[in-house]
Amino acid sequence: MRDVGRWGIDLTMPQSLLLALHLRDAAGLEPPTSPLLPDLPPLDPPVRPLRAPGHDIAGLDAAGQQWAAWWVRHFPGGPDALTSILPPRYPGLDGRPELRGLAELGLDDALAWCARAREVEKRVIARSPSALFETNLVTAVERELGRRIRPFSLRVVVLPVAGVHHWDVLGQAVVSLALRADRDAYLAWLREQLVALGRDHLARDGEQST
């Protein structure tokens, strides 16, 4: 969490979403997209498939639908989302037998993959722009807008999917870990967010004054 008093930027990589995406990729699920579920690329690095070549897993279509329903309910992650897909009860998978079976089958691999992803995340954080870069960017945007941006808190979900990407998921900012690792791409994306925030504040102030 970057918090410099007037504003804060919180970049988080929720464990629940990592486990869910690992399950999606390992099982080869093709969940339907929706406003809360964009077409997210595969995880990077790729995960080991649950099925051996030439061996099919029954119920993948149903599991894909169930996975999408879980995501829509629990995005953007949090303690309840994580508890919902962990043993021994897997409470978030009640009534979703196909998905629960896959989760039980792939949990050990998923936890091991997530641990490695956390190590990558640590290296990315160590190389990421410091709060000074972000402070200077806020100042530059305020100069461009001709006024200070009102205090704000920007929560960003980071996902270790392939490629440099970002999404606006019904107002929730989502970026790939690769975007966060690319200083120029990250600062360019953040600038867009700050300009949008500043213009939104200007519009609201204009409405209140009329």
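These exercises work through the fold, the empty spaces and one buried serine of a predicted model.

**Exercise 1. The overall frame**

Task: State how many helices and strands the protein has, and give the order of its elements.

Solution.
- Step 1: Count the elements. The protein has seven helices and five strands.
- Step 2: Read them from the N terminus. The order is β-β-α-α-α-α-α-β-β-β-α-α.
- Step 3: Add the extent. The C-alpha trace spans about 60 × 40 × 30 Å along its principal axes.
- Step 4: Turn to burial and surface. Of the 210 residues, 42% count as buried. The accessible surface comes to about 11,000 Å², and carbon and sulfur atoms hold 54% of that surface.
- Step 5: Check the contacts. Take those between residues at least 6 apart in sequence; 68% of them join residues at least 24 apart.

**Exercise 2. The cavity**

Task: Find how many cavities of 30 Å³ or more the structure holds, and describe the lining of the largest cavity by element and by class.

Solution.
- Step 1: Count. There is one cavity of 30 Å³ or more.
- Step 2: Size it. The volume of the largest cavity is about 160 Å³.
- Step 3: Locate its centre. The lining has 16 residues, and Leu 19, Ala 20, Leu 23, Ile 85 and Ala 103 are the closest to the centre.
- Step 4: Assign elements. Helix 1 (15-27), helix 2 (60-74) and helix 4 (97-127) each give at least two lining residues. Helix 4 supplies the largest share, with six residues.
- Step 5: Sort by class. The lining has 14 nonpolar residues, two polar residues and no charged residues.

**Exercise 3. The two largest pockets**

Task: Describe the largest pocket by volume and lining, then do likewise for the second largest pocket.

Solution.
- Step 1: Take the largest pocket. Its volume is about 230 Å³.
- Step 2: List the lining. Leu 154, Arg 155, His 166, Trp 167, Asp 168, Gly 171, Gln 172, Ala 173, Trp 189, Gln 193, Ala 196 and Leu 197 line the largest pocket.
- Step 3: Map the lining onto elements. Strand 3 (152-159), strand 4 (166-169), strand 5 (172-176) and helix 7 (183-209) each contribute at least two residues. The largest share, four residues, belongs to helix 7.
- Step 4: Sort by class. Six lining residues are nonpolar, four are polar and two are charged.
- Step 5: Move to the second largest pocket. This pocket contains about 190 Å³ of space. Of its 15 lining residues, Arg 24, Leu 29, Pro 31, Asp 39 and Leu 40 are the closest to the centre.
- Step 6: Sort that lining too. The second largest pocket has nine nonpolar, two polar and four charged lining residues.

**Exercise 4. Ser 176**

Task: Decide whether Ser 176 is buried or exposed, and name the backbone oxygen that its side chain reaches.

Solution.
- Step 1: Place the residue. Ser 176 belongs to strand 5.
- Step 2: Apply the cut-off. Buried means under 20% relative accessible area. Ser 176 has a relative accessible area of 0%, so Ser 176 is buried.
- Step 3: Look for a polar partner. The Ser 176 side chain reaches the backbone oxygen of Gly 163 at 2.7 Å.
- Step 4: Collect the other contacts. Set aside neighbours within four places in sequence; Ser 176 then touches Val 158, Leu 159, Val 161, Gly 163, Val 164, His 165 and Trp 167.
- Step 5: Link to Exercise 3. Trp 167, a contact of Ser 176, is also among the residues that line the largest pocket.

Note on methods
Residues numbered from 1 in each chain as written. Predicted model: local features only at pLDDT ≥ 70, side-chain atom pairs only at ≥ 80, totals over all residues. Heavy atoms only, no water. 1 Å grid on protein atoms, 1.4 Å probe; cavity = no way out; pocket = protein on both sides within 12 Å on 5 of 7 lines; lining within 4 Å. Points joined across faces, edges and corners; volume = space filled by probe spheres on them. Nonpolar A, V, L, I, M, F, W, Y, C, P; charged D, E, K, R; others polar. Buried < 20%, exposed > 50% of the residue type's maximum accessible area, 1.4 Å probe, protein only. Polar contact = N/O pair within 3.5 Å; in protein donor to acceptor, adjacent residues only side chain to side chain. Contact = heavy atoms within 4.5 Å. Areas by Shrake-Rupley, 256 points an atom, 1.4 Å probe, with all protein chains shown as cover.
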